[in-house]
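Colleague: I should be grateful for a close look at a single part of this model. Please describe that part in full and then place it in its surroundings.

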Amino acid sequence: MALRLLVAREHSCLELTRKLSARGLTPEAITGALARLIDEGALDESRLAAHYVAERAGKGFGPQRIRAELRDKGLADSLIDRHLQPMNDTWPEVLARTHERRFGQSQPSDRSDYAKRARFLEQRGFTPDSIRRLLRFPD
């Protein structure tokens, strides 16, 4: 049953535990199944993190949002950091692409427009500092 879930997409141990518990498996059976899947290489949280970071960044999400989503999946901060840090030089490009996709190449026209754009980008998971650098609203 757990292997069928992994065929559809990568899962974390926490996600599989929740799904298998909901289907009535005992904690002992779940622990055994997860151990076998890890030993066989079918369940790999590092692979999940790498795939998830690349996929979400490609869809225009920033590091803060991706970090929160991976934490919700039960991944350790050290594992998350290991996959987010190599992209530190790439985040400004992801931010610029996300902004351009949503708002075009124009700069904010007034404070209200600036605030709207900043809120959107912050909800996408980009840091306020990186948003300020991108939008450069004149005072």
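Modeller: Helices (H or I, at least four residues) and strands (E, at least two) are DSSP runs, numbered from the N terminus. The model is predicted: local features need pLDDT of at least 70, side-chain atom pairs count only at pLDDT 80 or more, and totals for chains, interfaces and linings use all residues. Residues are numbered from 1 along each chain as its sequence is written, and side-chain values use heavy atoms, with hydrogens and water left out.

The part I have chosen is helix α4, residues 45–58. With 14 residues at 1.5 Å each, α4 should span 20 Å, and its end C-alpha atoms are indeed 20 Å apart (the expected span is 1.5 Å times one less than the number of residues). The N-terminal end of α4 is capped by D44, which places a side-chain oxygen 3.0 Å from the backbone nitrogen of S46. Just after the helix, G60 adopts a positive phi of about 95°.

The residues L48, A49, Y52, V53, R56 and A57 of α4 are buried (under 20% relative accessible area; exposed is over 50%, and partly exposed lies in between, with a 1.4 Å probe and protein chains only). Because they cover an arc of only 140° around the axis, they lie on the same side of α4 (the arc is that of the directions from the helix axis to the C-beta atoms). The buried residues of α4 pack against α2 (13–22), α5 (63–72), α6 (77–84) and α7 (91–103).

Two polar side chains deserve separate mention. R56, in α4, counts as buried because its relative accessibility is 14%. Leaving aside its neighbours within four places in sequence, R56 is in contact (heavy atoms within 4.5 Å) with F61, R65, I66 and E69. H83 belongs to helix α6 and is also buried, at a relative accessible area of 16%. Beyond its neighbours within four places in sequence, H83 is in contact with S46, A49, A50 and V53. The side chains of H83 and S46 are joined by a polar contact of 3.1 Å (a pair of N or O atoms within 3.5 Å; within protein, one must be able to donate a hydrogen and the other to accept it, and residues adjacent in sequence count only if both atoms are side-chain atoms). H83 and Y52 are 31 residues apart in sequence, yet 9.4 Å apart in space, C-alpha to C-alpha.

The helix also belongs to a wider interior. The largest nonpolar core (a set of buried Ala, Val, Leu, Ile, Met, Phe, Trp, Tyr and Cys residues joined through side-chain atoms within 4.5 Å) has 25 residues, of which I66, L70, L75, W91, L121, F126 and I131 touch the most other members. At least two residues of this core come from each of α4, α5, α6, α7, α8 (111–123) and α9 (128–135). The largest share, 5 residues, is supplied by α4. A second, separate core of 6 residues includes L20, I30, L37 and L43. Returning to the largest core, W91 is in contact with A57, F61, G62, P63, I66, L84 and F126, leaving aside its neighbours within four places in sequence.

As to confidence, the protein has a mean pLDDT of 92 (the predictor's confidence in each residue, from 0 to 100), and 92% of its residues reach 70 or more. Among its elements, helix α1 (residues 2–8) has the lowest mean pLDDT, 62, and α5 the highest, 98.
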